[in-house]
Amino acid sequence: MKKTILTITLFTLVILSILVITKNSQTATTIRRNDHQPQKQEIDSKVQVLDLTCEYKINPIGIDVKAPRLSWKISSDQNNIMQSAYEINVMDENGVSLWSTGKIFSDQSVNIAYNGVPLKSQQRAYWQVRIWDNNNDATKWSEKAYWEMGLLDSNEWLAKWISIPNEEKQKNRPCPFFRTNFNTSKEIKSARVYITSLGLYQLFINGEKISNDLFSPGWTSYNKRLQYQVYDVTNSIKKQNAVGAIVGDGWYRGKIGWLKPNNFYGDKLALLLQLEIDYADGTSQTIISDDNWKVRTGPILSSSIYNGEIYDARLENKDWTNYSFNDNNWRSVTIINHSKDVLIASQSDPVQGVQELKPIKLITTPKGETVLDMGQNMTGWLRMKVNGPKGDKVVLSFAEVLDKDGNFYRENLRSAKATDTYILSGDGEEIFEPHFTFHGFRFVKIEGYPGTPDLEDFTGVVIHSAMEPTGTFSCSNTLINQLQHNIQWGQKGNFLDIPTDCPQRDERLGWTGDAQVFCPTAAYNYNVAAFFTKWMKDLAADQRKDGLVPHAIPNVMPDSDGGSTAWADVAVIVPWTIYQVYNDKRILEEQYPSMKAWVDYIKNRAGDDYLWTEDNHFGDWLAFKSEQASDYTGATTEKDLIATAYYAYSANLLAKIAHVLRKEKDAKIYEEIVKNVKDAFISEYVTPNGRLVSHTQTAYCLALSFDLLPDNFRSKAAKYLADDVRKFKHLTTGFVGTPLLCKTLSDNGYSDLAFMLLERKDYPSWLYPVTQGATTIWERWDGQKPDGSFQSVGMNSFNHYAYGAIGEWMYSYIAGLNIDPSNPGYKHMILAPHIGGSLTNAEVNYESGYGTITSGWEINKDEFCYSVCIPANTTATVILPIEETEQMTVNSKSIYQVCSDVRTISNQTEITIGSGSYDFRCPTASLK
Ligand code: BGC
């Protein structure tokens, strides 16, 4: 083994100072000092503080987090920049200080909780920050950012719930339109709307739609938690005004799930709106939803998430949100009693139309159907331009795939009608898009279109929660790049306020198991901190008193439907993942009772022998089934084994979480449980020779990655796993085993097999659907078979992200971007790229809480090149598969001139780096 050489350079001193600062910071965050010592000059803009966010958002308004967390990024054109101290100033609108930290010696720049004067409802707080770097140079003060509080007390809601009186009892209930007029008399300083609904709403003022948000107020367990939104409407208010809102059934009273035909949360739609106007002279005016409002139904004859919308343009009330509109023949609203105590501010990213796609083809199918091909399986709807006679009816039906003959196919949507119907007004060019429905589709059948449809007349509106895109992965294999595309589109198609299983059939529910396995991949692709924070609160709200977690959140099933292993464990796994990715301790604190209740629930169910051997579980859902070999039915992993393994895993995470939260007593309790479960697992499921009773890939993945084997059996188990993969030459895993498979193989010395599985093109594999033209992840390995036939209609979605969980391995193992669990949130990261399979390059770009991280490698003839960029205020350990470092260069210099800390450990080279860009190169012959 080559001796490690240390070259002492200035860099060593920098790294040492970084380490000292980092170490001190753990205790220093609370040290506050009025720094009257002479300061060094402000750094002249080389180091800058920017991208200020509050609760993961830029200048949010209407939040109800009492101690919002503040974050910033630091940009610098120099390497090895760390923050050694920061100072935050928070002021109210008049410049009066609300919180002034003084100089705090800390390297924390992410999620610093406001700790100033208690914030009042509707209060706006402006804030600025400056930092000192590791040379003790101060930056300039950042630009000002702000946040604004919502209504913190339900008594502040003066508005009344208004509804439509004597609604027809018909099946398709048309959407009510609510409106009122009001006047203002003075110069307006600011105006805010606070709004929510029972059902979904769209808001208009003076003829304009307020906000691009869709599906507001979002989906929560409405009778426990109901979100409101706040909009700045200062520029929309005039002297004479009209305000109006349409309310649709949505999840509230449309059909959702299979328990009830409709009315899951209630049978009355309603609106709650409060418009607060502040005048320049210091006075104010409040407009509320009350009995002065008028209501009537209009062109939206029916609106259903599963079934689509029927819109009759002949019934439009043109200008209904203009002041001059005559609403004499509208009805007076009725006031209903509904709790305001359940109101909460929105926390997640709103659903929006994020992207638009033009169709790529107009097809006439063998059956003679006129079908648009969007070229991409997407979630949203079709915007249509049409010109024709009054009363003509255009019917748009949505499907994900064509059948083997090329005909329109949608039996896999089960009972979802997924059809939008538009009846023309005949007033020239008309544009239609639905209001409160969405479809999962690539193909649209068009019927009744007057004239010949032209591609130009149609646009696909792609909707999803407007999360910040954070990650890209690419490599030299174009099929894998398409897989990555499909994974990201699986996320776009299914992160619609909640993480849904699928966007097309009569389901679209927040299935917990799917979200659990996909969450780490999701957090590479997009910033999902706010999204999952909100959904975890939904989970806690619907969790049963005894700790049982429902199968899907929000829960629309009977209360007894829940508690499945690997599904309900979402309660622990998601908060842990969010903590790891964003260094967000608050989600751990807030979810702690829920997580603990879930693990305690398992403990009760498992009982004294620590084996969870009863209850209903989904098991390794949709695992490989053999249709050819009559002596092998498929890979069945015993559900009890899975349940006991997940018991250990969740208890282990809970113990770690208890440590993070300094609940040492709890940590001990759960560590003890883990030990007992592991012992029980070994005696029940592992033969004396180290074979698992379920001799499947999934079982070995669980046992190895959840650390459930005696040390001396680990390599044997890994060999059993590898042998199984070699025997079948393919994966046999379902929802539970698949996310662990490549990870477990590569962690145990079989990365060649992991690459083989990833690059395999035949069924079953990740790339088989890609070879079949998939543009999203399929629910089943063989959703469409090589002969073009389909899997059974009951369970065959073409947009189900669970198997996309392989994305985590692609980002972390191939491209090499890993969190350091002991210093999470990418404050310190492990960059460990891996060459394998046919790949000659791979790269990840990732926008972390500190800034952009790049990790990319390439084999260029005889040279291995590895480019890294890590943001200011972070450090990394680079681990390269290289033993021989003599010929290695960094930024065109010998590695020893640039890096002080170069170690050879287990045939690999480990290098500690500070922020900045590094270009490592060495001959490929040096690779091990
Ligand atoms: C969903 C799955 C889910 C499962 C429970 C299905 O109907 O689509 O993705 O996890 O039920 O096993």
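Student: Is asparagine 873 buried or exposed?
Tutor: Keep in mind that this is a predicted model. Asparagine 873 sits in the loop between strand E44 (863–870) and strand E45 (875–880). Buried means under 20% relative accessible area. Asparagine 873 comes in at 0% relative accessibility, so the call is buried.

Student: What separation do the C-alpha atoms of asparagine 873 and asparagine 80 have?
Tutor: Along the chain, these two asparagines are 793 residues apart. In space, their C-alpha atoms are separated by 8.0 Å.

Student: Which residues surround the ligand?
Tutor: Sorted by class, the shell has 6 nonpolar, 1 polar and 5 charged residues. Here's the full list: Asp501, Arg505, Glu507, Trp511, Asp514, Trp567, Phe618, Trp621, Phe735, Glu779, Met795 and His800.

Student: How far from an oxygen atom of the ligand is an N or O atom in the side chain of glutamate 507?
Tutor: A polar contact needs N or O atoms within 3.5 Å. Aspartate 501 puts a polar side-chain atom 2.7 Å from a ligand oxygen, and histidine 800 does so at 2.9 Å. For glutamate 507, the distance is 2.5 Å.

Student: And what share of the ligand's area does the protein bury?
Tutor: Histidine 800, with its polar side-chain atom 2.9 Å from a ligand oxygen, is one of the residues around the ligand. On its own, the ligand exposes 300 Å². The share of that buried by the protein is 97%.

Student: How many disulfides does the structure hold?
Tutor: Let's check a couple of cysteines against the cut-off, which is a pair of sulfur atoms within 2.5 Å. For cysteine 742, the closest cysteine sulfur belongs to cysteine 701 at 8.7 Å, so that's too far for a bond. Cysteine 865 is in no disulfide either, with the sulfur of cysteine 922 nearest at 8.5 Å. For the structure, the count is 0.

Student: Is cysteine 865 buried or exposed?
Tutor: The cut-off for buried is under 20% relative accessible area. Cysteine 742 is buried at 1%. Cysteine 865 has a relative accessible area of 6%, so it's buried.

Student: How far apart are the end C-alpha atoms of helix H6 (residues 570–582)?
Tutor: H6 has 13 residues, and at 1.5 Å a residue it should span 18 Å. The distance between its end C-alpha atoms agrees with that: 17 Å.

Student: How many residues of H6 are buried?
Tutor: H6 is largely enclosed by the rest of the structure. Just after the helix, asparagine 583 takes a positive phi of about 45 degrees. Within H6 itself, the buried count is 13 of the 13.

Student: What about helix H3 (residues 478–494): how many of its residues are buried?
Tutor: H3 has 17 residues and reaches 24 Å from first C-alpha to last, close to the 24 Å expected. The buried ones include Ile480, Leu483, Trp489 and Asn494. H3 is largely enclosed by the rest of the structure because its buried residues number 12 of the 17.

Student: At the start of H3, which residue's backbone nitrogen does a side-chain oxygen of asparagine 477 reach?
Tutor: The oxygen in question is in the side chain of asparagine 477. It comes to within 2.8 Å of the backbone nitrogen of leucine 479.

Student: Which residue's backbone oxygen lies 3.0 Å from a polar side-chain atom of glutamine 784?
Tutor: Glutamine 784 is in the loop between helix H14 (767–771) and helix H15 (807–814). At 12% relative accessibility, glutamine 784 counts as buried. The backbone oxygen 3.0 Å from its side chain belongs to glycine 788.

Student: Which residue does a cis peptide bond join to tyrosine 763?
Tutor: There's a cis bond between isoleucine 553 and proline 554, with omega about -10 degrees, and proline 554 lies in the loop between helix H5 (529–542) and H6. For tyrosine 763, omega is also about -10 degrees. Its partner, found in the loop between helix H13 (751–759) and H14, is proline 764.

Student: Is lysine 861 buried or exposed?
Tutor: Lysine 861 is in the loop between strand E43 (851–860) and E44, and has a positive phi of about 55 degrees although it isn't a glycine. Exposed means over 50% relative accessible area. Lysine 861 has 77%, so the word is exposed.

Note on methods:
Residues are numbered from 1 along each chain as its sequence is written. This is a predicted model: local features need pLDDT of at least 70, side-chain atom pairs count only at pLDDT 80 or more; totals for chains, interfaces and linings use all residues. Side-chain values use heavy atoms; hydrogens and water are left out. Buried means under 20% relative accessible area, exposed over 50%, partly exposed in between (1.4 Å probe, protein chains only). Helices (H or I, at least four residues) and strands (E, at least two) are DSSP runs, numbered from the N terminus. The expected span of a helix is 1.5 Å times one less than its number of residues. A residue is near a molecule or strand if one of its heavy atoms lies within 4 Å of it. A polar contact is a pair of N or O atoms within 3.5 Å; within protein, one must be able to donate a hydrogen and the other to accept it, and residues adjacent in sequence count only if both atoms are side-chain atoms. Accessible areas come from the Shrake-Rupley method with a 1.4 Å probe; for residues, only the protein chains shown count as cover. Ala, Val, Leu, Ile, Met, Phe, Trp, Tyr, Cys and Pro count as nonpolar, Asp, Glu, Lys and Arg as charged, and the others, Gly among them, as polar.
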